[in-house]
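The following paragraphs lead a new reader through one protein structure, from its sheets to its helix contacts and its cores. Please keep the sequence and the structure in view while reading.

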Amino acid sequence: MKKNLLLPALFALGAISTALPALAETFSANGVKELSIKASGDLVNARRLAREQAEKDAVASVLRMKLSANLNDPKVKNAVEELRKQLADNLRTSFLAEGDILTARTVLNVESNQFLDMTRSYGLGSKLASGGAKVLFLIDEYYGVGTRLDPSKPLLTEIDYSHDKSSMSDRSSASSSARSASSSSASAAKGSFAAASSDKAAYAASSASSVAARDRTSFAGSDKASFSGSDRAALAVQDGYGGAAAGARNSQASGSRETSVAGARDTQFAGAQKSAVAASSSSQAAVSASYSSASAAKSASSASHSEKQNDIQRQNDVVNLKVRQVFAGIDNAKPAEAEASLINQKLQQVVSEFGLSFTDERDFRVEAGRRLTISDITRMQKFDSYLQKAASGNYKARYVVYGQATMHSEGMSPSGQVQCSGQLALTSSDVDTGEGFASGTIPKRAVGTSDQDCRANLADALARSLADTIGTKAQRDLLQATTLGAPYLVQVYSPQRVPGKLRREFERRVQELTGVVEFGEGDNATDELRSWKVVAKGNFSSQVNDLVDEYIEADNSAFRNGRFERRGNRLLFCIEGKCPEQI
């Protein structure tokens with residue numbers, strides 16, 4: 001979650017020239033008072049009393065809405081009158097009289113840092129809360145020389161121009177035709193006669209068509225004949241003298257003849273054109289007779305014709321224009337070395353004036369022998385690990401602020417002083433919750449006797465504005481935490497299973513701790529991890545630590561190896577030793 005919240009804001013740091021939301025905040029509130037004119041004595045006195053009460057009501061509304069102050073607290077009641085006097089220039093009152101009733105309406109508008117400074121001076125801010133506003137500033141500085149050239153006006157303009165006024169004409173024609181015919185005949189012997197005929201014609205035209213013609217003829221003939229013969233005779237003779245004679249003859253003959261003739265002819269033609277006219281005709285006749293012979297005849301013919309004509313005229317008038325412009329470059333700022341960074345040095349001097357405690361980054365972002373820039377941190381996505389690191393060791397920061405400052409020297413002014421300008425883009429995070437804190441861009445200008453003097457003055461202005469922005473937001477949040485409570489996540493962890501008896505007893509005892517405002521179950525409970533969401537005021541974290549120590553140090557304790565760890569607003573009780581890095 002931390003990474004997702006910080007990533008978009010850190011990417012925005014690269015676009016220093018992009019305007020971000022203004023950081024200054026204005027506290028606004030309304031106050032109303034109604035009273036009787038007669039009971040007040042006269043109209044003049046009534047107006048005075050009504051205005052005072054309406055102004056106090058407006059001041060009290062800001063304390064209640066913005067700082068969650070307890071208006072019944074005697075310290076707050078006494079401060080309201082003093083704040084009303086100090087904020088006289090920020091109060092505007094109007095009156096409305098209806099009969100005996102006079103109504104006063106007051107509107108209060110005041111800058112948040114001005115108002116918080118006043119509340120601290122009257123003892124409404126908690127010194128302990130202010131001491132807890134430790135901030136770790138990670139600021140990169142870039143310094144360059146400004147140019148007097150107007151970045152909105154191009155240094156060079158190149159124009160590419162072409163004009164096509166060509167024309168085209170096409171006049172052409174084409175035609176084609178085709179014809180085909182076929183015929184056949186047959187004969188047979190049959191005793192009937194019939195005749196039939198048909199005649200068909202068709203015509204068609206289209207903008208695109210095709211034509212084909214084919215002439216195909218085939219014939220076949222067969223002649224077969226066969227014959228056979230047989231001659232057989234026998235003779236017997238007997239006379240009366242006892243003489244006899246006999247004779248016989250047998251003769252056979254056969255023959256056959258077969259003749260066949262076949263032939264074929266096939267001719268084809270095809271054509272296509274864009275525009276076509278086609279015509280076809282077909283006639284057919286058949287005659288048959290069934291007597292001793294029959295005959296039939298068929299003939300067919302077709303013809304087609306097509307013609308294409310083109311008449312195209314085209315005129316072009318096309319203009320192409322390309323323009324390339326080169327503008328004055330103003331991004332010439334170079335990164336400053338850590339020891340030459342002026343803003344960080346100024347922050348260390350001024351943050352206490354805005355209720356903050358400075359945390360020196362020292363070697364916080366030094367890795368592999370080099371100091372990572374904000375761009376490196378963005379690219380390497382080290383947000384989660386840096387938040388954890390900021391809460392540990394000697395840092396113990398409550399807020400982490402990332403910033404990129406770009407400063408330019410702008411030459412001499414008419415009075416002979418050196419001018420310079422700069423802007424600081426920032427984003428920040430609450431170390432305890434991992435949520436985004438404040439973000440935006442701070443623009444400033446300065447003058448000096450030299451480039452270095454101007455830059456020092458500019459760094460001081462940027463540092464003070466940054467400290468004011470973070471300090472105002474931090475004091476407001478810390479004061480609200482003091483009066484309304486801060487959010488916590490209390491967790492019990494075991495790599496095996498959290499015992500049911502411990503879970504129920506620990507939940508009850510945490511709920512009974514002093515300062516608990518709200519208590520509820522956490523998300524995604526498992527056998528190994530139990531969580532509770534708590535909103536609590538005061539020293540709630542220390543009380544949970546003491547409670548865990550009771551379980552660890554009890555006689556014959558089953559949790560003597562347990563550990564308590566605080567990770568931001570997460571309070572962990574790991575019953576079997578050191579808590580894992582990831583839970």
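Two strands are said to pair if DSSP finds at least two bridges between them. With this definition in hand, the reader may turn to the model, which is a predicted one. In this model an open sheet of five strands has the order E21-E22-E20-E24-E23, and its pairing is mixed. Strand E21 (516-521) and E23 occupy the edges and have a single partner strand each, so one side of each is left without a neighbour in the sheet. On average, and with direction ignored, neighbouring strands of this sheet are turned by 20° against each other. Helix H12 packs on the sheet and touches E20, E21, strand E22 (529-536), E23 and E24. The direction of H12 makes about 160° with that of E23.

Within this sheet, strand E24 (residues 570-574) deserves separate attention. How many of its five residues are buried? Four of them are, and the strand is thus described as mostly covered. Strand E20 (residues 486-493) is joined to E24 by five bridges, and these two strands run parallel. Strand E23 (residues 563-567) is also joined to E24 by five bridges, but here the strands run antiparallel. Leu571 of E24 illustrates both pairings: it is the bridge partner of Val490, and it stands opposite Arg566. The hairpin of E23 and E24 has two residues between the strands, and in this hairpin Gly568 takes a positive phi near 65°.

Helix H12, already met on the sheet, also has a helix partner. Helix H11 (residues 500-511) and helix H12 (residues 540-553) pack at an angle of about 145°, and their axes lie 11 Å apart. The crossing in which H11 passes H12 is right-handed. On the side of H11, the contact is made by Leu502, Glu505, Phe506, Arg509 and Val510; on the side of H12, by Phe540, Leu547, Val548, Glu550 and Tyr551. Seven residues of this contact are nonpolar, three are charged and none is polar.

A further sheet can be found earlier in the chain. Three strands form an open sheet in the order E1-E3-E2, with antiparallel pairing. Its edge strands are strand E1 (26-36) and strand E2 (91-98), each of which pairs on one side only. From one strand to the next, the twist averages 15°. Eight bridges connect E2 with strand E3 (residues 101-111) in the antiparallel sense, and Ser94 stands opposite Arg105 in E3. Helix H3 packs on this sheet and touches E1, E2 and E3, with its direction at about 145° to that of E1.

Helix H3 likewise has a helix partner. Helix H3 (residues 43-67) and helix H4 (residues 74-86) pack at an angle of about 115°, with 9 Å between their axes. H3 passes H4 in a right-handed crossing. Glu52, Glu55, Lys56, Val59 and Leu63 in H3 meet Val76, Val80, Glu81, Leu83 and Arg84 in H4. Which classes of residue make up this contact? Five of the residues are nonpolar and five are charged, while none is polar.

The nonpolar interior is the next subject. The largest nonpolar core has 35 residues, and those with the most contacts inside it are Phe137, Ile343, Leu347, Leu356, Leu424, Leu466 and Ile470. Two or more residues of this core are given by each of strand E4 (134-145), helix H7 (342-350), strand E17 (399-412), strand E18 (418-430), strand E19 (436-448) and helix H10 (451-484). The largest share, ten residues, comes from H10. What is Ile470 in contact with, leaving aside its neighbours within four places in sequence? Its contacts are Val135, Phe137, Leu356, Val401, Leu426, Ser428, Phe437 and Ala438. A second, separate core has 24 residues, among them Val492, Val544, Leu547 and Leu571. Two of these have appeared above: Leu547 in the contact of H11 with H12, and Leu571 as the bridge partner of Val490.

The chain as a whole completes the account. The protein chain has twelve helices and 24 strands. Of its 583 residues, 34% count as buried. Among the contacts in the chain with a separation of 6 or more, 74% are accounted for by residues 24 or more positions apart.

Note on methods. Residues are numbered from 1 along each chain as its sequence is written. This is a predicted model: local features need pLDDT of at least 70, side-chain atom pairs count only at pLDDT 80 or more; totals for chains, interfaces and linings use all residues. Side-chain values use heavy atoms; hydrogens and water are left out. A nonpolar core is a set of buried Ala, Val, Leu, Ile, Met, Phe, Trp, Tyr and Cys residues joined through side-chain atoms within 4.5 Å. Buried means under 20% relative accessible area, exposed over 50%, partly exposed in between (1.4 Å probe, protein chains only). Helices (H or I, at least four residues) and strands (E, at least two) are DSSP runs, numbered from the N terminus. Contact means heavy atoms within 4.5 Å. Axes are lines fitted to C-alpha atoms, for helices over the stretch in contact, and angles run from 0 to 180 degrees between N-to-C directions. A crossing is left-handed if the near helix is turned anticlockwise from the far one by less than a right angle, and right-handed if clockwise. Ala, Val, Leu, Ile, Met, Phe, Trp, Tyr, Cys and Pro count as nonpolar, Asp, Glu, Lys and Arg as charged, and the others, Gly among them, as polar.
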